[in-house]
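Reader: I would like a close look at a single part of this model, with the terms spelled out as you go. Please start with the placement of one residue and work outwards from there.

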Amino acid sequence: MTSTAAHSEAAKPKRQRTCISCGAQGDKVGLLRIVRTADGTARFDATGRVPGRGAYVCSAECFKAAAKGKRLNRALKMPVSEEDYAQIASELERL
């Protein structure tokens, strides 16, 4: 790898994620990720590395607003069960 190739990778801007509730943008580390798993359930992804389709919220309050408006269903492209919403909410409250 040449030094110019390494330099262009280092200068590359970080990809921004958007909160599905309020629209705030931030990097991956600053937002909370909810993921659609391979078995068709939704869960909170504390590591940000679980494979599957992800959606981001910036806070527990935004998650509550997203749950109320069923925005998570659209973002994950699946119906999210009430049990999944409750499980995710309890995990977010523990943070």
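Author: Helices (H or I, at least four residues) and strands (E, at least two) are DSSP runs, numbered from the N terminus. In this predicted model, local features need pLDDT of at least 70 and side-chain atom pairs count only at pLDDT 80 or more, while totals for chains, interfaces and linings use all residues. Residues are numbered from 1 along each chain as its sequence is written, and side-chain values use heavy atoms, with hydrogens and water left out.

Glu91 has its place in helix α4, and the chain as a whole holds four helices and five strands, in the order α-β-β-β-β-β-α-α-α from the N terminus. Glu91 is buried (under 20% relative accessible area, 1.4 Å probe, protein chains only). Even so, Glu91 has no salt bridge (a side-chain nitrogen of Lys or Arg within 4 Å of a carboxyl oxygen of Asp or Glu); the nearest side chain of opposite charge, with Lys and Arg counted as positive and Asp and Glu as negative, is that of Arg94, 4.9 Å away. The side chain of Glu91 does make a polar contact (N or O atoms within 3.5 Å, one able to donate a hydrogen and the other to accept it) of 2.8 Å with that of Gln87.

Helix α4 also takes part in the largest nonpolar core, to which α4 gives the most, with four residues. This core, a set of buried Ala, Val, Leu, Ile, Met, Phe, Trp, Tyr and Cys residues joined through side-chain atoms within 4.5 Å, has 18 residues, and Phe63 and Ile88 are among those with the most contacts inside it. Beyond its neighbours within four places in sequence, Phe63 is in contact (heavy atoms within 4.5 Å) with residues including Tyr85, Ile88, Ala89 and Leu92.

Methods: Buried < 20%, exposed > 50% of the residue type's maximum accessible area, 1.4 Å probe, protein only.
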